[in-house]
Amino acid sequence: MVQAPSTSSSSVMPTSLSAYPYYDVTTHIGTCFGDAEKTQLSSLLKDENKVRDLATLVSQRGVVFFRNQDINVHELKQLGLDMGRLSWDTFAQRLPEGYSGEKTSRLHIHPISEDVPELGKDISVISSTEGIARAGDHMSKRASAGWHSDITFERVPSDYAILKMHTLPPVGGDTLWASAYEAYDRLSPAFQTFLEGLEAVHNADFFNRYAKVRGTPIQDPRGAPENYGEDLTAVHPVIRTNPVTGFKGLYVNRTFTKRILGLTPDESDSILDYLFRHITENHDLQVRFRWEINDVALWDNRSTFHTATNDYGVTALRQGNRVVSLGERPFLDPASKSRREALGIHD
Ligand SMILES: O=C(O)CCC(=O)C(=O)O
Ligand SMILES: [Fe+2]
């Protein structure tokens, strides 16, 4: 039997990172730096060139994994802030008029963030026992009900998120990501054109209900001047341009997107359902990550979706710390390209 030569290296790996051992986890999404002895984010974050290139790589590949990291929560925050700031400075020319100038958004403070003094409000605790990860979760729903991009109910949603897992069940609790670029590329040109004129309403009333039951107020403001108030609702384009890559991606998600404006409620429900299934049922635009202790995942929330897997018992602990950096108000540049078109991928 003849085996094709290994083609594990990514065509989009920036030079400053290419010396670290890595491999692409799937064709369309996910790259992994698996050699913890040679690759630590805690040292990489001291070099602005590498941080900028890491942000670009995350935007290109959707999600990037690092095994067994020693990075602490303060460094996680610094990395989140720096990735957002450096990529904003680098790609500001791709932002439409009215967006120029210094980036005013920082790290997100989640509306139901717990105030853990040693972590700070800008760390989201991802826990199997309470809070953000389980707030909208129901065992009676299909597992695919959990797909989302983080905090799209904010007027200024997230550019990057970084999650480090420190406690895991012996088995289970994988996380899946899906590529919004590839989801866009798989739609017919006629459907792409139809969607490009549309905007959708995103909402997270369930966080208001959760806060009420818990008896704590909604956090306000939440990391950007635009993200204030208790009404967790925003309107965003259905197709969005990522300013870092310049690629178009599908920007609706099952958890937060409620309604496409300009369509009848029935039309909106049907089209959203089609698009959600398009994301969740095409496993060849997804990557599934099996966590080990102290692994870190970094993803671009503008151009990916993700979901946790609740297949471990209620007594098993699973916990991590997440930072979510805020980006720009989502926009569509009609002149921007699809990922396949820009990279010349035809098969
Ligand atoms: O628990 C997970 O695997 C992911 C949770 C999540 O949605 C997030 O960290 O944004
Ligand atoms: Fe999430």
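These exercises work through the metal site, the ligand shell and the charged pairs of a predicted model.

Residues are numbered from 1 along each chain as its sequence is written, and chains are lettered from A and ligands numbered from 1 in the order in which they are written. In this predicted model local features need pLDDT of at least 70, side-chain atom pairs count only at pLDDT 80 or more, and totals for chains, interfaces and linings use all residues, while side-chain values use heavy atoms, with hydrogens and water left out.

**Exercise 1. The iron site**

Task: Identify the protein donors of the iron ion (ligand 2) and place the two histidines in the chain.

Solution:
- Step 1. Apply the cut-off. Donors are N, O and S atoms within 2.8 Å of the metal (3.2 Å for Na, K and Ca); water is not among the atoms, so sites may look incomplete.
- Step 2. List the donors. H148 (NE2), D150 (OD) and H306 (NE2) lie 2.1 Å from the iron ion (ligand 2).
- Step 3. Write the spacing. The donor residues follow the pattern H-x1-D-x155-H.
- Step 4. Locate the histidines. H148 sits in the loop between β4 (124-127) and β5 (158-167), and H306 in strand β14 (residues 304-308), so the pair ties together parts that are 158 residues apart in sequence. Helices (H or I, at least four residues) and strands (E, at least two) are DSSP runs, numbered from the N terminus.
- Step 5. Check burial. Buried means under 20% relative accessible area, exposed over 50%, and partly exposed in between (1.4 Å probe, protein chains only). H148 is buried at 17%. H306 is buried too, at 6%.

**Exercise 2. The shell of ligand 1**

Task: Describe which residues surround ligand 1, and find polar side-chain atoms that approach its oxygen atoms.

Solution:
- Step 1. Collect the shell. A residue is near a molecule or strand if one of its heavy atoms lies within 4 Å of it. Ligand 1 is surrounded by I126, H148, D150, L163, T175, W299, H306, A308, R318 and R322.
- Step 2. Sort by class. The shell has four nonpolar, three polar and three charged residues.
- Step 3. Read off the distances. A polar contact is a pair of N or O atoms within 3.5 Å; within protein, one must be able to donate a hydrogen and the other to accept it, and residues adjacent in sequence count only if both atoms are side-chain atoms. A polar side-chain atom of H148 is 3.0 Å from an oxygen atom of ligand 1. For T175 the distance is 2.5 Å. For an N or O atom in the side chain of R322 it is 2.7 Å.
- Step 4. Assess the cover. Alone, ligand 1 exposes 290 Å², and the protein buries 96% of that. Accessible areas come from the Shrake-Rupley method with a 1.4 Å probe; for residues, only the protein chains shown count as cover.
- Step 5. Link to Exercise 1. The iron donors H148, D150 and H306 appear in the shell of ligand 1.

**Exercise 3. Salt bridges across the chain**

Task: Count the salt bridges, then examine the pairs D122 and K77, K248 and E196, and R240 and E328.

Solution:
- Step 1. Recall the principle. Side chains of opposite charge can pair when their charged atoms come close.
- Step 2. Count. A salt bridge is a side-chain nitrogen of Lys or Arg within 4 Å of a carboxyl oxygen of Asp or Glu. The count is 19.
- Step 3. Take D122 and K77. Their side chains meet at 2.8 Å, N to O. D122 is in the loop between α3 (73-91) and β4, K77 in helix α3, 45 residues apart. D122 is partly exposed at 22%, whereas K77 is buried at 14%.
- Step 4. Take K248 and E196. They meet at 3.4 Å, N to O. K248 lies in strand β10 (residues 248-250) and E196 in helix α5 (residues 189-196), so the pair ties together parts that are 52 residues apart in sequence. K248 is buried at 7%; E196 is partly exposed at 23%.
- Step 5. Take R240 and E328. The N to O distance is 3.0 Å. R240 lies in strand β9 (residues 239-241) and E328 in the loop between β15 (319-326) and α8 (339-343), so the pair ties together parts that are 88 residues apart in sequence. Both R240 and E328 are buried.
- Step 6. Look for a network. Shared partners join E182, R186, D284, R339 and R340 into one network of salt bridges.

**Exercise 4. Two buried loop residues**

Task: Find the polar partners of R222 and S128.

Solution:
- Step 1. R222 is in the loop between α6 (205-214) and β8 (233-237). R222 is buried, at 1%.
- Step 2. The side chains of R222 and E154 share a polar contact of 2.6 Å. A polar atom of the R222 side chain also lies 2.8 Å from the backbone oxygen of G229.
- Step 3. S128 is in the loop between β4 and β5 and is buried at 10%. The S128 side chain reaches the backbone oxygen of A316 at 3.4 Å.

Conventions. Nonpolar A, V, L, I, M, F, W, Y, C, P; charged D, E, K, R; others polar.
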